[in-house]
Every structure is written in structure tokens, then in C-alpha cells.
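I wanted a short record of a few local features in this model, kept in the order in which I looked them up. My notes follow the sequence and structure shown here.

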Amino acid sequence: MEGGSCRAAAASAVLPVPDELIVEILARLPAKSLCLCKCVSRAWRAFISDPANRRRFAQTLSGLFFSRPYGSRPTWDFVGLSMSSVLPPPPGVDAALSFLPPTCGEMELLDSCNGLLLLRCEDSRERPSPPPFYVVCNPATGEWVALPQPSRVPGFVGYSTTVGRTMDTGSAALGFDPSISPHFYVFQLVQVLTHLDFFVRAVEIYSSQTGRWVLSEIELQGEMADESDYIHFTGQMTYFKGFLHLCMRFNAVVSVHTEGKTWKISQLRHRQHEGYCPVFSVCHSQGRLLFVDSNDRSSDVMSIYVLEDLDSEEWTWVFKQSIEKPDLFVPRMPQRIWDYDTAAFHPDSDLIFFYDWSQKRLVSYDMKHRDVHVICTLEVPYFEFRKFLPYVPLYSGALPSSCLN
């Protein structure tokens, strides 16, 4: 026996059952339990890590894609993570996306969701240049697909004759959950200039199942539904359980379903005057939707809220815990603000990753044990909403074979 067969035999020696049965059992485990199984023995670690078996198993967070400083090519990079240290990209993952063809031209990484990436591409080699387009790809398998054009040009900022106002389509997100469906969704926000600022008025949603875009205009349900004309998006969003959840001002989250027929709004606490540059972030971890509230950038405390029951008619956020900012970051000077970003939540543990602008460093915080670890130093652009994108590898083919390029 060679390679994987030897490792399979070693694992079978620990559990005298057929290799296929071991794989079938382990394939049913969540990523956190699978990591614990690697600690049983070297043989088990080798068996679980074997490429022939790995594609069947659940994976956990392997690192973060992050935006590089302005003018860098490519515009992104990757930092592999363990609990508190830096690792290379996971086996077989092409973080540079070198498998994409030259026709993709200039590429901007927009989102990451359960192993798939969303990019906006523009091939400027031709004159006149064709409009930008979206690409969804899997860096672990090299699969990719270019999407058809939505009705609004991707990445457009300017006056639109279609809507008769200044429009911004620069924000887009990816929705994909292989445990629920093999199909993915792309959400393109349509923001229009109102009262000297941009507000979300609609979203175009692409479904890989239908191969079509659908335009959905805002029609909110909830206590702030009468303010549907003023959905002020703050830049942070996440896909979870069939909804794209977007942070908006005044401690609220707007959620739109993949079908575009349901819009919901949920507020965390009573609306009040906002202090200096409040920071909000919405993420998900361990089967729950989470919200980070900075409580004003000058406050020494941030608050974590959780929304556990998305199946109920009424969505209610519950306070989870507070985090002392001085425990995480270098003490601020008097009259100065706390300058940080919430980079990501670990999907399978109580870890939160923060970026400390004063020290240009990435840190992890364990909410359960209140431990802080400095992971690395790196530079990211300041004026960009989604600087960090968590990445969980997906080793099985996920893109519909009918539309692969």
C-alpha cells in the first residue's frame, strides 16, 4: 500500500472498521469535532488530512483574505491563521487565483462565503472597454464562472438615466451555504444619492439555479418600516440562513431574502444620538447571527449582541457580553478615539479577530477565556469597508457544471 492507503490502514488499525465507513462517519461531523478527532493519533491526523478524504469533510476557518494598500497588484493577499499564529494557505488553495484567465483583467475581491469568492473584473485591454462583470470562483478547486450582466452596471458610480439620479453599485455580496443548497447567490446593492448621501433603494439578486438577475426594491417589515427611503448602509454585511444582513445606522440590521420578496429590519436598542464615528459589524458564528456595537468610538466598551432564532416572526437581539477595549488595544491618548476594525468572527469558536490601526496589527480575542493574542502586523487601506474576508476552504466542486467556464 502507498500514500493514502497506508494512512487509511493506520487509521483503521485504531478503529477496526472499513475505511469507507470511517470516512462516512467523519463526513457527518462538524468542523470543530473533526479538529478534535485529529488529536486522537498521528494516524487519524494523516487520515483526515489525506486529500482523497479531505474533500468529504467539513472545514473550518483557515485564514483571511485582506485588502492591500492602494495601488498594489493584486489588490488582495491572504493570511493563514491558527488560533493565534500565522500559517500558509491551506493545502491545494490558490490564494493568488492564478487559475483565472487574462480576460478577467483588473480584479477586485468583494466577498468570501463558505469556500467561494466573489470578484468584480474589468478587462481594459479592449477599446472601448466592456463593462465590469462578476466572477465567482473556488480557489481550492480552480473552478470559476463569469456571471451575466445585471440591469445596473457593476461598480458604477455616477448619474444614471435609468433611475434619474446619481447611483452607486459598488457594493456586492455572495451568498452560499452548501449544507442547505448547492446554489449560490450574488447581491448587488443599488444605492442612490438622497439628501447629500447614498441610501440603499434596491438590490439585484443573481441565482445560480435560474441563471438570472432579479431586481428587488425595498419593502421593509419591522418597527422602522416607515423609513424605508432612508436605509443608510454602513458597509458591513454577511450572508446567513438565506438572508443577506446589512448594517445600517442607528443600531439596526436590514435583511433581504435570496428571493428578494422579504425585507426585514431589526433594531438592537432604542434609537439615540450617535457619538463620534460609531462602528457596527454584523457576522455569524456557531449558528448564530452576531452584532458588534462600538458604543461610540470614544467609549472604552464595545457590546456584542446575538440573534439566535431567525425562524421566529419577531427578530429580537439579545445582549451577549461586553468587551473592554483597553484589554485589546494600546491605551489611547486623552481626547483620542479607539481606532480599530472588527475583522472577522471564527465560525466554530468564540474567537473574534480585530485590526488595531494604531499598531497596524491583527489580534485575536477569545470571548470565553478573555485571552488576547497578537497574530501579525500588516497594512490595509483605511477607506475601505470590507478589508477582511474570512475564508473556509471547500474541496468539493460547488459551481454548477452547466455554467463553468
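**Notebook: a surface patch and some backbone features**

I began with Tyr70, which I count as exposed because its relative accessibility is 55%, and the cut-off for exposed is over 50%. I keep in mind throughout that this is a predicted model.

I then looked up where Tyr70 sits, and found it in the loop between strand E1 (63-67) and strand E2 (76-81). Which residues make the nonpolar surface patch with Tyr70? I noted Tyr382 and Phe383 as its partners, and the patch comes to about 420 Å².

Staying with the loop between E1 and E2, I found Pro74 there as well. I checked the peptide bond that joins Arg73 and Pro74, and entered it as cis, with an omega of about 0°.

Next I turned to positive phi values in residues other than glycine. Lys241 has one, with phi at about 55°, and I located Lys241 in the loop between strand E15 (233-240) and strand E16 (243-248). Is Lys241 buried, exposed or partly exposed? I put it down as partly exposed because its relative accessible area is 40%, and that class lies between under 20% for buried and over 50% for exposed.

Gln286 was my last entry: its phi is positive too, near 55°, and Gln286 is not a glycine. I found Gln286 in the loop between strand E19 (280-285) and strand E20 (288-293). With a relative accessible area of 34%, Gln286 is therefore also written down as partly exposed.

Terms used. Residues numbered from 1 in each chain as written. Predicted model: local features only at pLDDT ≥ 70, side-chain atom pairs only at ≥ 80, totals over all residues. Heavy atoms only, no water. Patch = residues over 30% accessible without salt bridge, like charges linked within 9 Å, V, L, I, M, F, W, Y side chains within 5 Å. Areas by Shrake-Rupley, 256 points an atom, 1.4 Å probe, with all protein chains shown as cover. Salt bridge = Lys/Arg side-chain N within 4 Å of Asp/Glu carboxyl O. Helix = DSSP H or I, 4+ residues; strand = E, 2+ residues; numbered from the N terminus. Buried < 20%, exposed > 50% of the residue type's maximum accessible area, 1.4 Å probe, protein only.
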